[in-house]
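The following paragraphs offer a guided reading of side-chain packing and charge pairing in a protein chain. Please keep the sequence and the structure in view while reading.

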Amino acid sequence: MSRGIFVASFIWYGYNKCIFYVWGVMKMGFKENIRFAFIDEFANEIGKEKAYRMMSNFKCERVPALEYFLTRDYNGRIKPYIVWDDSKNIIVAYFTLITTCMILKPYEKTDPEHTKEKDVEKIISCIELEHFALNDVYLKLVNEDGYSNSGIGNYVFKEYISTVIAVLVSEVNFFYLILHAYNNDKVINAYRNMGFETMEDDAEAVIPTLSDVRALHSDYAGDCKFMFRDVESILTDLD
């Protein structure tokens, strides 16, 4: 008997205020001037006009949609966390988190006898890393200053994204951090280095009976690659 699975997404509002005030300072070399805050606190800290200029200068050539989210499409509906260099007045990275769930159905989706809500077998609560992007302009500056920029994504994930996840999971029950990665080997491997897995990576462990991986994608995900990481492993890395 095969199983269908899909992801239902809902915007996270409830617990933002408990994590808006989580600030960070990178501890290594050029990273010592790095700050971190939810966008509302970011704008209050440096002023709205300066915040707007910094957001407008964000570049992400690999995935233009990630650039446009911050530079032209941002409307306050889904709010990002901002990581920025306080000495250079430039955004390093941003990310957004939304609540979501994976819903497993016990029957073929094509069978009209088994498509009612009562036939849902299991709902797995998750948080989705909906946006995560580094600023190309900042990465170039790092190289020009004589530093390697290869570990910045990993550092942002461990130092800031994981910290927010730890705060959320102390208040709300969820089990996985999921994402839809740009379907590029370099990008997917970068997320693997952060501890994420694809369904193919984990075919013999978490959910071995899945037969329709494509059904995991939300409507907006397109040709992106679904990846996930269990929350317990994130908390373990923070210890």
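Asp-86 is a suitable starting point: its relative accessible area is 37%, so this residue is partly exposed. The model is a predicted one, and the values discussed here are computed from it.

Asp-86 is engaged in a salt bridge with Arg-35, with 3.7 Å between the closest N and O atoms. The two partners come from distant parts of the chain, 51 residues apart: Arg-35 belongs to strand 2 (residues 34-38), whereas Asp-86 sits in the loop between strand 3 and strand 4. Arg-35 has a relative accessibility of 22% and therefore also counts as partly exposed. The pair does not stand alone, for Arg-35, Glu-45 and Asp-86 are linked in a network of salt bridges.

The loop between strand 3 and strand 4 also holds Lys-88, and Asp-145 lies in the loop between helix 4 (136-144) and helix 5; the pair therefore ties together parts that are 57 residues apart in sequence. The salt bridge between the side chains of Lys-88 and Asp-145 has an N to O distance of 2.9 Å. Lys-88, at 36% relative accessibility, is partly exposed, and Asp-145, at 41%, is partly exposed as well.

A further salt bridge joins Arg-229 and Asp-237, whose closest N and O atoms are 2.4 Å apart. Here the partners differ in their surroundings. Arg-229 has a relative accessible area of 6% and is therefore buried, whereas Asp-237, with 42%, is partly exposed. Over the whole structure, the search finds seven salt bridges.

Attention may now turn to the aromatic residues. A pair of aromatic rings is described by the distance of the centres and the angle of the planes. The search of the whole structure finds 14 aromatic pairs. In one of them, Phe-69 and Tyr-74, the ring centres are 6.1 Å apart and the planes stand at 70 degrees; because an angle over 60 degrees counts as edge-to-face, the pair is placed in that class. Phe-69 is buried, with a relative accessible area of 12%, while Tyr-74, at 26%, is partly exposed.

The rings of Tyr-81 and Phe-95 provide a contrasting geometry. Their centres are 4.9 Å apart and their planes lie at 15 degrees, so this pair is stacked. Tyr-81 is in strand 3 (residues 81-85) and Phe-95 in strand 4 (residues 90-105), so the pair ties together parts that are 14 residues apart in sequence. Both Tyr-81 and Phe-95 are buried. They also belong to one aromatic cluster, together with Phe-36, Phe-38 and Tyr-160. Elsewhere, an aromatic ring meets a charged side chain: Arg-72 lies over the face of Tyr-68, at 3.9 Å from the ring centre.

Phe-95 leads on to the nonpolar interior. The largest nonpolar core has 55 residues, and Phe-95 is among those with the most contacts inside it, along with Phe-42, Leu-97, Leu-177 and Tyr-191. Helix 5 (residues 152-169) contributes the largest share of this core, eight residues. Tyr-191 illustrates the contacts of one such residue: leaving aside residues up to four places away in sequence, Tyr-191 touches Leu-129, Phe-132, Leu-179, Ala-181, Phe-196 and Met-227. A second, separate core consists of eight residues, including Met-102, Ile-124, Cys-126 and Met-199.

Technical notes
Residues are numbered from 1 along each chain as its sequence is written. This is a predicted model: local features need pLDDT of at least 70, side-chain atom pairs count only at pLDDT 80 or more; totals for chains, interfaces and linings use all residues. Side-chain values use heavy atoms; hydrogens and water are left out. Rings of Phe, Tyr and Trp (its six-membered ring) pair if their centres lie within 6.5 Å; planes under 30 degrees apart count as stacked, over 60 as edge-to-face and the rest as tilted. Buried means under 20% relative accessible area, exposed over 50%, partly exposed in between (1.4 Å probe, protein chains only). Helices (H or I, at least four residues) and strands (E, at least two) are DSSP runs, numbered from the N terminus. A charge sits over a ring if NZ of Lys or CZ of Arg is within 6 Å of the ring centre and within 35 degrees of the ring normal. A nonpolar core is a set of buried Ala, Val, Leu, Ile, Met, Phe, Trp, Tyr and Cys residues joined through side-chain atoms within 4.5 Å. Contact means heavy atoms within 4.5 Å. A salt bridge is a side-chain nitrogen of Lys or Arg within 4 Å of a carboxyl oxygen of Asp or Glu.
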